[in-house]
Amino acid sequence: MKARMRVGIDVGSTTVKVVVLDERGAIVFSRYGRHYARAFESIRAMLEDVKRELGNIGLDVAVTGSAGLGLAERCGLPFIQEVVASARLIRERWPEVKTLIEVGGEDSKVVFFDERFHPDMRMNGSCAGGTGAFIDQMATLLGVSISEFDCLAAASTGRHTIASRCGVFAKTDVQSLLSNHVPKEDIAASVFHAVALQVAATLFRGAKVREKVLFAGGPLSFFPQLRRAFADVLGLDECGAIVQTEHPELIAAIGAALCHG
């Protein structure tokens, strides 16, 4: 009898991630995409891709993510709390990690792990500051795409103060910088720096970062300059203090699949 494969579905505030693991825990399928408030339809389309690519196979499905509980209840699927899912994968594959920093579409979190790998989670879901939504707003204000935004930041030569807690204040700061002919490159880099400062001030609350550090979530996966801003703000050696992973945007989804195995 052919072994059943494990599926982890991570439903975030703005994106959906689907991962299929074989019996050895290796990724045989993965998808990541924005759901535009149509998460169920996005997941169904991704699972159709699973069927096309892998055929009619047995699947054991688990759901995680900030917006995943409703889907799990609707479909009668097990729900794994996001930090539990992430911790399962990290403990198994990167036991040296002591701090997880995740920036999502509409929230951000920091998780400290003690010697017994018990998590201490600190989360900000009450405002856009320090999230992907904040970066989206600033990119729109500059009239560039998200991918162009990171490229701009890479070419910066200076940095300026931008309010990160409130999108309205940040917009005012950016408009002032634009009116004073500050290069967009410097504004983009300043936005990333503001995001890192916001997460550090709101979630660390005076606590010292514990090495090694693992970055997760879409923004920290796809924006190298945002990772660099976090390393700068937290005083991290990018080579020695940060664990490099292949798919940091899929950590919770992979963990959910492992928890259900």
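This report covers the pockets, helix packing and selected residues of a predicted model.

## Basis

The model is predicted: local features need pLDDT of at least 70, side-chain atom pairs count only at pLDDT 80 or more, and totals for chains, interfaces and linings use all residues. Residues are numbered from 1 along each chain as its sequence is written, and side-chain values use heavy atoms, with hydrogens and water left out.

Helices (H or I, at least four residues) and strands (E, at least two) are DSSP runs, numbered from the N terminus.

## Largest pocket

The largest pocket has a volume of about 410 Å³. A pocket is found on a 1 Å grid over the protein atoms alone: it is an open set of points where a 1.4 Å probe fits, with protein on both sides within 12 Å along at least five of seven lines. Lining residues have an atom within 4 Å of a point. Grid points are joined across faces, edges and corners, and the volume is the space filled by probe spheres set on the points.

The lining of the largest pocket holds 34 residues. Thr-15, Tyr-32, Gly-104, Gly-105 and Gly-218 lie nearest the centre. At least two lining residues come from each of strands E1 (5-11), E2 (15-21), E3 (27-34) and E5 (99-103). The same holds for helices H3 (82-93), H4 (132-142), H8 (218-222) and H10 (251-259). By class, this lining has 12 nonpolar, 13 polar and nine charged residues. Ala, Val, Leu, Ile, Met, Phe, Trp, Tyr, Cys and Pro count as nonpolar, Asp, Glu, Lys and Arg as charged, and the others, Gly among them, as polar.

## Second largest pocket

The second largest pocket has a volume of about 200 Å³. It is lined by 14 residues, with Phe-215, Leu-220, Arg-227, Ile-242 and Gln-244 closest to its centre. Strand E8 (213-216), H8 and helix H9 (224-234) each give two or more residues to this lining. H9 provides the largest share, three residues. The classes here are seven nonpolar, three polar and four charged.

## Helix H9 and its surroundings

H9 has these buried residues (under 20% relative accessible area, with a 1.4 Å probe and protein chains only): Gln-225, Leu-226, Ala-229, Phe-230, Ala-231 and Leu-234. They pack against E5, H4, helix H5 (146-154), helix H7 (184-204), E8 and H8. Just after H9, Gly-235 has a positive phi of about 65 degrees.

## Packing of H5

H5 packs on H7 at an angle of about 100 degrees, with the axes 7 Å apart. That makes the two helices roughly perpendicular (65 to 115 degrees). Axes are lines fitted to C-alpha atoms, for helices over the stretch in contact, and angles run from 0 to 180 degrees between N-to-C directions. Contact means heavy atoms within 4.5 Å. H5 contributes Phe-149, Asp-150, Leu-152 and Ala-153 to this contact; H7 contributes Lys-184, Glu-185, Ala-188, Ala-189, Val-191 and Phe-192. Seven of these residues are nonpolar, none polar and three charged.

H5 also packs on H9, at about 50 degrees and with axes 8 Å apart. This pair is therefore oblique, a class for angles that are not under 35 degrees (roughly parallel), over 145 (roughly antiparallel) or 65 to 115. Asp-150, Ala-153 and Ala-154 of H5 meet Pro-224, Gln-225 and Leu-226 of H9. The contact has four nonpolar residues, one polar and one charged.

## Selected residues

Asn-124 lies in strand E7 (residues 119-124). It is buried, at 4% relative accessibility. Beyond neighbours within four places in sequence, Asn-124 is in contact with Glu-106, Asp-107, Ser-108, Gly-129, Thr-202 and Leu-203.

Gly-58 sits in the loop between helix H1 (39-54) and strand E4 (59-64). At 25% relative accessibility, Gly-58 is partly exposed (between the buried limit and 50%). Gly-58 and Met-5 are 53 residues apart in sequence, yet 6.2 Å apart in space, C-alpha to C-alpha. Leaving aside neighbours within four places, Gly-58 is in contact with Arg-4 and Met-5.

## Backbone geometry

A cis peptide bond joins Glu-211 and Lys-212, with omega about 10 degrees. Lys-212 lies in the loop between H7 and E8.

Tyr-36 is found in the loop between E3 and H1, and so is Ala-37. Neither is glycine, but phi is positive in both: near 50 degrees for Tyr-36 and near 65 degrees for Ala-37. Tyr-36 is exposed (over 50%), at 66% relative accessibility. Ala-37 is exposed as well, with a relative accessible area of 72%.
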